[in-house]
Structures are given as C-alpha cells and as structure tokens.
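Trainee: Before I use these terms in my notes, I want to know what stands behind each one. Can we take them one at a time?

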Amino acid sequence: MKTTRLPRKASVLLAGLVLAALAGCGSADKGPAEALGTKGPAKPVKAVPPGLPGMPPLLDPNDVYAADRPNKLSPVVKDFPSRIYVPNTTSNTVSVIDPETYKVIDTIPVGVQPQHVVPSWDMKTLWVNNNRGHTLTPINPATGEAGEPVEVHDPYNLYFTPDGKYAIVMASMDKELVFRDPHTMDRVKTVPVSCFGVNHADFSADGRYFIVSCEFSGELLKVDTEKMEVIGQQKLPFEGAMPQDVKVSPDGKTFYVADMMADGMWVLSGDKFEIPKLLPTGKGCHGLYVSRDSKEMYISNRGEGTVSVFDFPQNKLTKKWELPDGGSPDMGGVSADGKVLWLSGRYNSEVYAIDTVTGKQLARIPVGGGPHGLAVYPQPGRYSLGHTGIFR
C-alpha cells in the first residue's frame, strides 16, 4: 500500500490541532490551563541569582532576610533556651539575661575586653571576641557553659563567609582581615589593609563580596569573598567620619552604614560602590537591625538615647523613639518573635528592651561595665554571617 507523506508544515499544523482537541476534551467549559488544574497562564518565575559557590541559595531573590521570619527557628537551635548574651568590655564578663523575666541569671568570666558575642556559621557556638585578651571564648548556647579560650590575635569582631568556609576576624588594631578555619580558628590567609579600624561588615545578596567599615580613618572597603582580596576602597565625604555597623537592604541593592560622627547612615549601591549619600538619623548613629518582616530597620542613636525607624518600602525614616531618662543604645538584636529590640547601653552599664511596635521601653536591666555587642539567641535563620547575629 502506498504511503502518502504530508509536507512538514502540514504535519506541524496537524499536531497542533490534535493537541488543541485533546486539551478541549478536558472540560467543555474550561480553557486548556484550567482543565489542567491551573488558574491561568503560567507566570514566569524570577530566577534566584547565582551566589557564591557553596552558599545556600536565597529563599526569596527579593529578600535576603526571608529565612528570618518570626520564630522560624532552625532545627539546630530550636531547643536552645532563649537568652540575651551581653559582653561587658570593662568587666571582662558576659551577662546572661532571661528575656522573660528581664533578669540577669548568670555572669560568665571571659577574656580581656570582650567586644561582641557572635553566633557561628553553623549556629552551634557563640564566640566571645576578647579584643585585648587576644582570645575567643566559645559558649555552648544549649547549656550556657563557656569552653576553653582559643588564641586569636586582635579579634575585635567576627564574621563568616556565606558558604561557611571561613571565619573572618576583623583585626582592628592590626589593620588586617584574617580568614580562618571556622571551627579551629587556624589562620588561612591574612589580608593587610591600609585603612584604620576595620570593624563591621555585611555581604551582598549573592555573597560574592562584602562591605567593611573602617572606623578610625572614615573609609569603606569592598572585599571579594572568594578571592579574599580588597577590590575597592573609598574615603567617606565627611570630615571626621566614623563608620560603624553595616547592613544590606532586603532586596540586596543598597548598603547602609551607620556613622556616629556624621550622625546618620551612609547609603550606597554595593555593586557600583559609588560615593554614598548621608541620611541623618540622630546623634551617634551606631547599630542597624532589620525587623522580622523585612519592612523596617531599627537604628540606634547612641549619642542621644534614641532609636530611629527606617521604612524600606517607603525609603524614608518614619519614627523616632526616645528612651525615658536617656541612655546610650549601642549594639544588639531583635527577639525571635520580632516583638522586642534588645540594645546594650554602652556608657550606662545597662541593657534596654524596646517594644518594636510602640517603641516603649519594656525594661532597663543593670549589667557589667561597658556593655557592647550583645547577642539575642537563638534567632530565626538557616546560618549566621556573624557579628551579633546576621542570619540568612
């Protein structure tokens, strides 16, 4: 029997008609998409940008803090008791506060001049940065017990690369960024810097670079995470600038840098690393903390005893809360449920608990001398980038 072949265009047309007919059989009253159980044409899904190799992918490409929602605790930390760990720089101790009772329940002796309490990348350990004692004291957050100190020179602050491969010691007086093994703290690579007082940092959304503030020379650095090299440096356009905390916006496009002498935040694109603009907030602008819904950022103004609130969607300051009887709000963090902002009172030997809805002071708790980078723990998130708790 002779077989007749259809021209190619006719074959394609016939196949299309067959598919259309089959789709129509799904339902006489519904279109093809509805017949297949969907609500309409498939919407394009925005791809998550490729990140640093080994870095856990973002949960939401538009929000680097998507893993930090209220009480969304990792299985690693969910059974840890909720505590506030306060390093007292002049007392050489860590005060431990029960957030339910607002009482100090323990005082842990540590090394000389503890500056920050830093959650490890895997969230299993809290590292106390004993700056002048040249050690890190590990604390087990499950038991609250301190372990044997680890020798690390000039650990003013501590961060972790997003892939968990390295710890980064901010050696402020040594003028170095020191990449170390995140568990043993053995030195892997030392990166000398020409600025003075490296202290705070935050990472880009893709984890490929981080921005560092240089407190004593009023400069910013941009560092390639994988290459472990400084790739950008600039002087802030303010005489006597003293940059402090650094925080990236939820969408990952903007970096904010607190400046205690310029009395506000510097705002810049991390990708472009252009000359930043200053947004005045209050005297002694110091610490930056993002709300659990990623809509607001709490800004401590240490020189005037206030907290400014920046609204990300509106791109402006919307509130300012005043501490009754003043104070010196410094570093801290947000409670796991997002309802309380905890800040150390650097020059008042106290800690403040502040309602994140009303701005009302809930408690004022006496601690040791010179309380600085306190850590609220545990907090939501999948891993820690360091400081007092930057979670992704």
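Trainee: Why is C195 called buried?
Mentor: Buried means under 20% relative accessible area, exposed over 50%, and partly exposed in between, with a 1.4 Å probe and protein chains only. C195 has 0% relative accessibility, so it counts as buried. The values come from a predicted model, where local features need pLDDT of at least 70, side-chain atom pairs count only at pLDDT 80 or more, and totals for chains, interfaces and linings use all residues. Residues are numbered from 1 along each chain as its sequence is written, and side-chain values use heavy atoms, with hydrogens and water left out.

Trainee: Is C214 buried or exposed?
Mentor: C214 is buried, because its relative accessibility is 0%. C285 is buried on the same grounds, with a relative accessible area of 0%.

Trainee: How do you know that C195 and C214 form a disulfide?
Mentor: A disulfide here is a pair of cysteine sulfur atoms within 2.5 Å. The sulfur atoms of C195 and C214 are 2.1 Å apart, so the pair meets the cut-off. In chemical terms, a disulfide is a covalent bond between the sulfur atoms of two cysteines. Searching the whole structure gives one disulfide.

Trainee: What makes the link of C195 and C214 left-handed?
Mentor: The angle about its S-S bond is -50°. As to what it connects, C195 sits in the loop between β12 (187–192) and β13 (198–203), and C214 sits in strand β14 (residues 209–214), so the bond ties together parts that are 19 residues apart in sequence. The strands are DSSP runs of E with at least two residues, numbered from the N terminus.

Trainee: Why is β14 described as largely enclosed by the rest of the structure?
Mentor: Six of its six residues are buried, so the description holds for the whole strand. In a regular strand the side chains alternate between the two faces of the sheet. In β14, one side carries Y209, I211 and S213 and the other F210, V212 and C214, and these are all buried, leaving both faces covered.

Trainee: How do you know that β13 and β14 pair?
Mentor: Two strands pair if DSSP finds at least two bridges between them. Five bridges join β13 to β14, and the strands run antiparallel, so the minimum is met. F203 stands opposite F210 in β14. The two strands form a hairpin with five residues between them, and G207 in the turn has a positive phi of about 75°.

Trainee: What pairs with β14 over six bridges?
Mentor: Strand β15 (residues 219–224) does, in the antiparallel sense. There, K222 is the bridge partner of I211. This hairpin has four residues between β14 and β15, with G218 in the turn at a positive phi of about 60°.

Trainee: What is the strand order of the open sheet of four strands?
Mentor: The order is β3-β2-β1-β29, with antiparallel pairing. β3 and β29 (375–377) are the edge strands, since each pairs on one side only. Within this sheet, β2 (residues 93–98) and β3 (residues 103–109) pair over six bridges, and V94 stands opposite I108 in β3. Three bridges join β1 (residues 83–88) to β29, where V376 is the bridge partner of I84.

Trainee: How many cavities of 30 Å³ or more does the structure hold?
Mentor: It holds two. On a 1 Å grid over the protein atoms alone, a cavity is a set of points where a 1.4 Å probe fits but cannot get out, and lining residues have an atom within 4 Å of a point. Grid points are joined across faces, edges and corners, and the volume is the space filled by probe spheres set on the points. The largest cavity has about 190 Å³ of space. It is lined by 16 residues, and D68, V290, R292, Q379 and G389 are the closest to its centre. β21 gives the most to this lining, with three residues.

Trainee: Into what classes do the residues of the lining of the second largest cavity divide?
Mentor: Seven are nonpolar, one is polar and one is charged. Ala, Val, Leu, Ile, Met, Phe, Trp, Tyr, Cys and Pro count as nonpolar, Asp, Glu, Lys and Arg as charged, and the others, Gly among them, as polar. The lining includes M55, F203, S204 and R392, around about 30 Å³ of space.

Notes:
On a 1 Å grid over the protein atoms alone, a cavity is a set of points where a 1.4 Å probe fits but cannot get out, and a pocket is an open set with protein on both sides within 12 Å along at least five of seven lines; lining residues have an atom within 4 Å of a point.
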